[in-house]
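Hi,

Here is the structure I promised to pass on to you. Please have a look at it first, and then read on for my notes.

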Amino acid sequence: TTPKGTFLADLLVQEKLLSSKSEFRRLCKEGAILLVPENKSVTEFDYSLMESVTIKVGKKRFIQIKVV
């Protein structure tokens, strides 16, 4: 559970799914961070969360984020 408007990069680093924001930036450029239901790639580094979503990071890592 995270507050509305939280940056995705900050959340993934805080939850230790990624080691750094530069890794997030690299994965965004490669198209490796996806919004699962829409199968849409996250391309902006400053993507902020406005609604609950499931995110796929790479091939095997998934995280479900609930926004309050």
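Below is what I found, going from the whole chain down to single residues.

First, a caution: this is a predicted model, so please read everything here in that light.

**The overall picture**

The protein has two helices and four strands. Going along the sequence, the order is α-α-β-β-β-β. Its radius of gyration is 11 Å, close to the 11 Å that the globule rule gives for 68 residues, so the protein is as compact as a globular protein of that length. The C-alpha trace spans about 30 × 25 × 20 Å along the principal axes.

Some totals may help you place it. Of the 68 residues, 37% count as buried. Among contacts with a separation of 6 or more, 43% are between residues 24 or more positions apart. The exposed area comes to about 4500 Å², and carbon and sulfur atoms supply 50% of that.

**Helix 2 and its two faces**

I spent a good part of my time on helix 2, which covers residues 21-30. Which of its residues are buried? They are Glu23, Phe24, Leu27 and Cys28. Viewed down the helix axis, these buried residues fall within an arc of 140°, so they line one face of helix 2. What do they pack against? Their partners are helix 1 (8-14), strand 1 (33-35), strand 3 (53-57) and strand 4 (61-65). On the face turned away from the buried side, helix 2 carries the exposed residues Lys29 and Glu30. Just after the helix comes Gly31, with a positive phi of about 75°.

Glu23 deserves a look of its own. This residue of helix 2 is buried yet has no salt bridge. The nearest side chain of opposite charge is that of Arg26, 4.0 Å away. Leaving aside neighbours within four places in sequence, Glu23 is in contact with Leu18 and Arg61.

**Salt bridges**

How many salt bridges does a search of the whole structure find? The count is two.

- Asp10 pairs with Lys21, and their closest N and O atoms are 2.7 Å apart. This pair links distant parts of the chain, with Asp10 in helix 1 and Lys21 in helix 2, eleven residues apart. Asp10 is partly exposed, at a relative accessible area of 30%, and Lys21 also counts as partly exposed, at 40% relative accessibility.
- Glu30 and Arg26 meet in the other salt bridge, at 3.3 Å from N to O. Both belong to helix 2, and because they are four residues apart there, about one helical turn separates them. Glu30 is exposed, with a relative accessible area of 52%, whereas Arg26 is partly exposed, at 40%.

Arg26 therefore turns up twice in these notes: as the salt-bridge partner of Glu30, and as the nearest side chain of opposite charge to the buried Glu23.

**Leu8 in helix 1**

Is Leu8, which lies in helix 1, buried or exposed? Leu8 is buried, and its relative accessible area is 0%. Not counting residues up to four places away in sequence, Leu8 touches Phe24, Ile33, Val42, Tyr47, Leu49, Ile55 and Ile65. Phe24 in that list is also one of the buried residues of helix 2, and helix 1 is among the elements that those residues pack against.

**Backbone points in the loops**

Most residues other than glycine have a negative phi. Two loop residues are worth checking on that account.

- Lys16 is in the loop between helix 1 and helix 2. Its phi is near 65°, a positive value in a residue other than glycine. At 70% relative accessibility, Lys16 counts as exposed.
- Asn39 is in the loop between strand 1 and strand 2 (40-41). Asn39 has a positive phi of about 55° although it is not a glycine, and it is exposed, with a relative accessible area of 57%.

As a last point of orientation, the C-alpha atoms of Leu8 and Asn39 are separated by 16 Å, with their positions 31 residues apart along the chain.

Happy to talk any of this through whenever it suits you.

Best wishes

Technical notes:
Residues are numbered from 1 along each chain as its sequence is written. This is a predicted model: local features need pLDDT of at least 70, side-chain atom pairs count only at pLDDT 80 or more; totals for chains, interfaces and linings use all residues. Side-chain values use heavy atoms; hydrogens and water are left out. Buried means under 20% relative accessible area, exposed over 50%, partly exposed in between (1.4 Å probe, protein chains only). The arc is that of the directions from the helix axis to the C-beta atoms. Contact means heavy atoms within 4.5 Å. Lys and Arg count as positive and Asp and Glu as negative; His and the chain ends are not counted. The radius of gyration is taken over C-alpha atoms; the globule rule is 2.2 Å times the number of residues to the power 0.38. Accessible areas come from the Shrake-Rupley method with a 1.4 Å probe; for residues, only the protein chains shown count as cover.
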